[in-house]
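Here is a short report for a reader new to this structure. Look at the sequence and the model, then read on.

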Amino acid sequence: MTLDRRRLIAALGAVPVALALGAAKKEPKRRDPPEPRPSRRRKGAKPPAKHVDVAVVGAGAIGAWTAWHLVRAGLSVRLFDAYGAGNGRAASNLPSMLLDPVQGGDALYADLVDDSRDAWERLSDSASLPILTPCEAVTALAATEAFGEPRGADRTTGARLRDRFTQIAWRPDEAALHAEKAAMIAGRRAILETILDAQVAPEDVVMPAPLRDKKQGLYVLPDGGTAQSLVYATGAWLTELFPQILTPARLSAVRQQVFHFGPGQGDTQFRPPAMPALIDRAYGFNLLPDVEGVGVRVWKSAPDASVDPDSFDRRADERALADARQWLAARLPRLADAPVVASVAAHDCRTSTGDLLLDRLPGQDRAWIVGGGAGRAFALAPAIGARVAAHVRDAGRAIEPRWALARLTGGGTA
């Protein structure tokens, strides 16, 4: 079979058109810019009911986690704070807090670490910005200290740590504890995320000491609402609410002056995982590594004054800065001349025993007070909040003897 001239010319003429169409098909289509990632915001809080099972006073870390656990248990909750959640006067209004597995060798608090870490990690996984940042922690022991074998840490020496953490000046013979599973917890952001996750709307209301309607067997709230139970998680403000039982000698706000020193441009050796948290019991200072560019945080272990949490000036002073620089020059010489990128005088709530206070209010079978904790309470707040919620749900639950009010007052509890 042969192809005549006319049909051949027509076929050859169609070739360029076909090739052009094929090329057009292969050319990639122009795409519009992708849409922004959908927000991961949680569901909004429900409007607070006027009559609830529990009113929680104090929207700090412990108050927020107490509310969270109570809501998860199916109870209705209102959350009050006179200055607002995560406010500038709060003890927890700092960029980061340390979750230390060692807990000073105290088994009571070390037992709360795992549950707290798991809770912070779950919250961090659901938040838009991280709440928990893993890091290592080293506790440098004083020469006279005799530590046991705390869970979650290995005993070591400065000679062994010298090659692992070269930023720190170690004495070869100094004893230390090395914990691999420490973490830093975002401060104010962590509190706000906890409250969001609890779906409770904090109310900026001044809550007085308990006022009980004996006929109804309920506590009366400032707007006329009622609550079956009250939890006062107000930290140092407990002395204002209950001055007859919690004098400043028993529970007080103490000042900590905190400095953030900025490493040089592009210098990542002071960030996790290269840099650990350092609890220097030998020289009485603490350090947290640089996270999110806020600088290396340094503060003295011992507070330098008792203060009024409402009115004290939150500016750090030159004398405290000189002490911090002297320590840096000895321990982290590469930061000896680093600039201060932020500083603040913050307060910590401490009891005279150094322990947490968690007990019933005398004469009130459905009112609880919680505070203190000597600086460890923030990071352990998820586990502490679970304990508080358990007491609210079961008023007959035994009080931890070391957390009992009687340890502070020398008397019995109601």
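How many helices and strands does the protein chain have? The protein chain has 10 helices and 18 strands. Keep in mind that this is a predicted model.

**The chain as a whole**

The protein chain holds 414 residues, and buried residues make up 47% of them. Its accessible surface comes to about 20,600 Å². Carbon and sulfur atoms account for 52% of that surface. Consider next the contacts between residues at least 6 apart in sequence. Of these, 74% join residues at least 24 apart.

**Two nonpolar cores**

The largest nonpolar core has 53 residues. Which of them touch the most other members? They are W120, V231, V370 and I384. Helix α2 gives the most to this core, with 7 residues. A second, separate core has 27 residues, including F80, L238, V307 and I369.

W120 deserves a closer look. Leaving aside residues up to four places away in sequence, W120 touches W65, I131, L132, I185, A190, T194, F378, A379 and P382.

Now turn to T66, which is found in helix α2. Is T66 buried or exposed? T66 counts as buried because its relative accessibility is 0%, with the cut-off for buried being under 20%. With residues up to four places away in sequence again left out, T66 touches V56, V231, G385, V388 and A389.

**Where α4 meets α9**

Helix α9 covers residues 381-393, and α4 covers 113-126. The two helices pack with their axes 7 Å apart, at an angle of about 105 degrees. They are therefore roughly perpendicular to each other, since angles of 65 to 115 degrees count as such. From α4 come D115, S116, A119 and W120. They meet A381, P382 and A383 in α9. The residues of this contact divide into 5 nonpolar, 1 polar and 1 charged. W120 thus has two roles here: it is in the largest nonpolar core, and it takes part in the contact of α4 with α9.

**Helix α6 and its neighbors**

Helix α6 runs over residues 188-198. Which of its residues are buried? They are A190, I191, E193, T194, I195, D197 and A198. Two of these, A190 and T194, are touched by W120. The buried residues of α6 pack against several elements: α2 (61-72), β2 (77-80), α4 (113-126), β6 (175-186) and β7 (202-203). Just after α6 comes Q199, with a positive phi.

**Backbone exceptions**

Most residues other than glycine have a negative phi, and most peptide bonds are trans. The table gathers two residues that depart from the usual phi.

| Residue | Phi | Loop | Relative accessibility |
|---|---|---|---|
| Q199 | near 60 degrees | between α6 and β7 | 33%, partly exposed |
| E292 | about 60 degrees | between β13 (285-288) and β14 (296-300) | 54%, exposed |

Neither Q199 nor E292 is a glycine. Why does E292 count as exposed? E292 does so because its relative accessibility is 54%, and the cut-off for exposed is over 50%.

One peptide bond also stands out. The bond from P272 to P273 is cis, with omega near 5 degrees. P273 lies in the loop between β11 (251-261) and β12 (277-280).

Notes. Residues numbered from 1 in each chain as written. Predicted model: local features only at pLDDT ≥ 70, side-chain atom pairs only at ≥ 80, totals over all residues. Heavy atoms only, no water. Buried < 20%, exposed > 50% of the residue type's maximum accessible area, 1.4 Å probe, protein only. Helix = DSSP H or I, 4+ residues; strand = E, 2+ residues; numbered from the N terminus. Contact = heavy atoms within 4.5 Å. Axes fitted to C-alpha atoms, helices over the stretch in contact; angles between N-to-C directions. Parallel < 35°, antiparallel > 145°, perpendicular 65-115°, else oblique. Nonpolar A, V, L, I, M, F, W, Y, C, P; charged D, E, K, R; others polar. Areas by Shrake-Rupley, 256 points an atom, 1.4 Å probe, with all protein chains shown as cover. Core = buried A, V, L, I, M, F, W, Y, C linked by side-chain atoms within 4.5 Å.
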